[in-house]
Structure formats: C-alpha cells, structure tokens
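Colleague: I am new to this structure and would like a careful, close look at a single part of it. Please take one helix and its surroundings, and explain each term as you come to it.

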Amino acid sequence: MSDVNENSPLFAIAVAAELAGMHAQTLRQYDRLGLVVPTRTAGKSRRYSMRDVVQLREIARLSSEGVSLEGIARILQLENQVSALSARVRELEGALADELLNRPGRRVFAAGVEGEVISLKHGTRTQRRTELVVWQPRFDD
C-alpha cells in the first residue's frame with residue numbers, strides 16, 4: 001500500500017468515531033445526511049479516510065458554535081469546492097509553467113507607429129523605419 005494518502009479509506013466506523021471524538025451512531029447519521037460519506041467496502045462496511053476524520057472534527061466544531069446541520073452542509077460543500085478549484089489552479093499553473101519553459105520566446109511583441117501592440121513571429125524583427133522627422137517647437141505668443 002504505497003499509495004496511501006489523506007483520501008485513502010483506512011478506518012472502520014468505530015476507529016473513525018474515536019478519532020473524531022464522536023459516537024459511531026453520529027457518523028451513521030452524518031452519512032445518511034450526506035455530510036461525510038465514507039467509502040464502502042465490497043461487504044458494504046464504511047471505511048473513513050483521514051480527510052473524513054478531519055471533516056468530522058470540523059462538523060463538531062461548527063456544531064458547537066451553533067451552526068445548523070444545513071449550514072454545516074453548505075460550508076462543507078463550499079470548502080470542498082474551494083479545494084477542488086485550488087487544485088485545478090495549481091494544475092493549470094503547472095501546465096502554464098511547463099509551457100513557458102518548453103517554448104521560451106514564443107510570443108514577441110513590438111510597438112507600432114501609433115503605439116499599438118504588434119505580435120511578431122519568433123526570430124523576426126519589425127521593419128526599420130528610416131524617415132526623418134523634424135521637430136520644431138511651437139511658440140504661442
């Protein structure tokens with residue numbers, strides 16, 4: 001079992017209840033309500049991960065602060081959504097970093113005559129302008 005992580009279903013309900021400081025019947029109730037849904041074995045036994053235990057502790061904390069079970073469900077849903085989105089952002093940042101490392105200098109820009117941004121192909125230069133512009137100061141008397 002070298003792939004054990006915080007989401008690995010390791011604990012039977014009695015162990016998870018003890019780790020969370022709750023009664024096993026409370027865990028069953030939370031499962032029925034969809035607050036913490038453990039993985040099921042082939043024999044339909046509940047198996048809780050360390051992440052589930054942490055979530056159970058969070059439920060206990062929120063409940064002790066007077067948050068309703070409906071409120072707790074919404075908070076957990078939002079926290080799970082934030083975690084998923086954060087993971088996706090990290091994944092995209094990694095992909096972007098890889099892309100930038102694998103394609104250095106891929107996008108080159110220059111300023112046009114009017115100040116606009118011109119995208120150039122890698123290895124090309126803007127056309128050199130050779131016009132002569134004479135500047136004369138304006139005197140408004």
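Colleague: Which elements do the buried residues of α2 pack against?

Modeller: The model is a predicted one, in which local features need pLDDT of at least 70 and side-chain atom pairs count only at pLDDT 80 or more, while totals for chains, interfaces and linings use all residues. Residues are numbered from 1 along each chain as its sequence is written, and side-chain values use heavy atoms, with hydrogens and water left out.

The buried residues of α2 pack against α1, β1 (39-40), β2, α3 and α4. To place these elements, it helps to know that the protein chain has four helices and four strands, where helices (H or I, at least four residues) and strands (E, at least two) are DSSP runs numbered from the N terminus. Along the sequence they follow the pattern α-α-β-β-α-α-β-β.

Within α2 itself, the buried residues are Ala-24, Leu-27, Tyr-30 and Asp-31, buried meaning under 20% relative accessible area and exposed over 50%, with partly exposed in between (1.4 Å probe, protein chains only). Seen down the axis of α2, these residues fall within an arc of 115°, so they line one face of the helix; the arc is that of the directions from the helix axis to the C-beta atoms. As a general rule, an α-helix has 3.6 residues a turn, so residues three or four places apart point the same way. Just after α2 comes Gly-34, which takes a positive phi of about 80°.

The helix α1 (residues 13-20) can be read in a similar manner, with Ile-13, Ala-16, Ala-17 and Ala-20 as its buried residues. Those residues fall within an arc of 100° when seen down the axis of α1, so they too line one face of their helix. Ala-14 and Glu-18 are exposed, and they sit on the face of α1 turned away from its buried side. The cover over the buried residues of α1 includes α2 (24-33), β2 (46-47) and α3 (50-64). After α1 the chain comes to Gly-21, whose phi is positive, near 75°.

Around these helices lies the largest nonpolar core, which has 18 residues; such a core is a set of buried Ala, Val, Leu, Ile, Met, Phe, Trp, Tyr and Cys residues joined through side-chain atoms within 4.5 Å. Elements that give two or more residues to this core are α1, α2, α3 and α4 (69-102). The residues with the most contacts inside the core are Leu-27, Tyr-48, Leu-56 and Ile-59, and Leu-27 is also one of the buried residues of α2. Leaving aside its neighbours within four places in sequence, Leu-56 is in contact (heavy atoms within 4.5 Å) with Ala-20, Met-22, Leu-27, Tyr-30, Val-36 and Tyr-48. Two of the residues named there, Leu-27 and Tyr-30, are listed among the buried residues of α2, while Ala-20 is listed among those of α1.

For the wider setting, buried residues make up 20% of the 141 residues in the protein chain. Among contacts between residues at least 6 apart in sequence, 43% join residues at least 24 apart.
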